[in-house]
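This report walks through one protein structure, moving from its charged pairs to its strands, its cysteines and its surface. Please keep the sequence and the model in view while reading.

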Amino acid sequence: MSRVALVTGASSGIGRAAAMRLAEDGMKIFATGRRTEALASLAIAQPNIRTHSADLASFGVLGQLLRSAAEAFGADPSVVLLAAGRGLRGGLLSSDPAQWEELIRVNQLSMMSQMRDAAEFLMTRSVPGQVADIVIIGSTVGRQVSAMNPVYGATKFAVHSLCESLRQELCGHGIRVTLIEPGFVKTNFQQTAGYDEGWFAALEAESGPFLQPEDIASTVSFVVSQPSHIHLDDIRIRPTRQKA
């Protein structure tokens, strides 16, 4: 697959695993995230990857990154994976309200901007008979209400709605919009979000083994490798023993 892909959230977790997997598939990868050192190690590990650190919370940044990717590889990106985001532990009563606004800014408002930038870029560069892909990493808590983290889940509910809306807007242009909804994935996401490590370990003992980032990366690879007339638009992937 000699395509160019832009991958966000590539400093760690799902984004990093997906950047590696797509590069192994033969794609040229322009990987972005906030942690410069982590990105540098990614580029060292895989020669098909170039990196650029950026804060995607600012509007319009993704559009510039897509143009930079085109300049770097001499070809326009036709795959955009949006994997950046953050979590927040606790329910509506127990979560930290001082973090609500930042959570919504990063997970919802910034994602809206990224989706729009990706769509506008790909629409102006569409080629008849060829497809482009926008893949968004959502969550099972964006479909099924969870009392454990409903504030985070609310941002994912919003993103899921936007994904379907964007799919309807872009399908006539040969652009596929795919939502991937993982259940429990074992990354540093839980630690960054402030989840209790003991609680998470007990949860895995009950419902695990949990998914690994590479499991989601292989799903991304499968989605974007489909023939142009096939569109897998919404995929939920859970550990086998996860109930909710």
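## A bridge between distant parts

R143 has a relative accessibility of 37%, and therefore counts as partly exposed. The model in which this value was computed is a predicted one. The side chain of R143 meets that of D234 in a salt bridge, with 2.6 Å from N to O. D234 belongs to strand 7, which covers residues 234-237, while R143 sits in the loop between strand 5 and helix 5 (150-170), so the salt bridge ties together parts of the chain that lie 91 residues apart in sequence. D234, like its partner, is partly exposed, and its relative accessibility is 36%.

Salt bridges can also share partners, and in this way R3, D133 and R176 are joined into one network.

## Further salt bridges

How many salt bridges does the structure hold? The count is 10, and one of them is formed by the side chains of D76 and R125, at 3.4 Å from N to O. This pair, too, links distant parts of the chain, since D76 is placed in the loop between helix 3 (61-73) and strand 4 (79-82), whereas R125 is placed in the loop between helix 4 (100-124) and strand 5 (132-137), with the two positions 49 residues apart in the numbering. D76 is partly exposed at 39% relative accessibility, and R125 is partly exposed as well, with a relative accessible area of 35%.

The salt bridge between R116 and E120 has its closest N and O atoms 3.2 Å apart. Both of these residues lie in helix 4, and they are 4 residues apart, which is about one turn of the helix. R116 is exposed, with a relative accessible area of 58%, while E120 is partly exposed, with a value of 41%.

## A covered strand

Is strand 5 mostly covered or mostly open? Strand 5 is mostly covered, for 6 of its 6 residues are buried. From this strand, A132, I134 and I136 point one way, while D133, V135 and I137 point the other way, and every one of these residues is buried.

Strand 5 also has a pairing partner, because strand 4 and strand 5 pair in the parallel sense over 4 bridges, where a pairing requires at least two bridges. Within this arrangement, L82 has I136 in strand 5 as its bridge partner.

## Cysteines without a disulfide

Which cysteine sulfur is closest to that of C163, and why is there no bond between them? The closest cysteine sulfur is that of C171, and because it lies 14 Å away, it is too far for a bond. A disulfide would need the two sulfur atoms to be within 2.5 Å. In agreement with this, C171 is in no disulfide, its nearest cysteine sulfur being that of C163 at 14 Å, and a search of the whole structure finds 0 disulfides.

The surroundings of the two cysteines can be described as well. C163 is buried, with a relative accessible area of 3%, whereas C171 is partly exposed, with a relative accessible area of 45%.

## A buried threonine in helix 8

T219 is found in helix 8, which spans residues 213-224. With a relative accessible area of 13%, T219 is buried, since the term applies to values under 20%. When its neighbours within four places in sequence are left aside, T219 is in contact with I180, I235 and I237.

## A nonpolar patch and a loop residue

On the surface, F59, I104, L109 and M112 form a nonpolar patch, and together they have about 370 Å² of accessible area. One of these residues, M112, is found in helix 4, and M112 is partly exposed, with a relative accessible area of 34%.

S58 has its place in the loop between strand 3 (49-53) and helix 3. S58 is partly exposed, with a relative accessible area of 38%. From S58 to V80 the separation is 22 residues in sequence, and in space it is 18 Å, from C-alpha to C-alpha.

Key: Residues numbered from 1 in each chain as written. Predicted model: local features only at pLDDT ≥ 70, side-chain atom pairs only at ≥ 80, totals over all residues. Heavy atoms only, no water. Buried < 20%, exposed > 50% of the residue type's maximum accessible area, 1.4 Å probe, protein only. Contact = heavy atoms within 4.5 Å. Salt bridge = Lys/Arg side-chain N within 4 Å of Asp/Glu carboxyl O. Patch = residues over 30% accessible without salt bridge, like charges linked within 9 Å, V, L, I, M, F, W, Y side chains within 5 Å. Areas by Shrake-Rupley, 256 points an atom, 1.4 Å probe, with all protein chains shown as cover.
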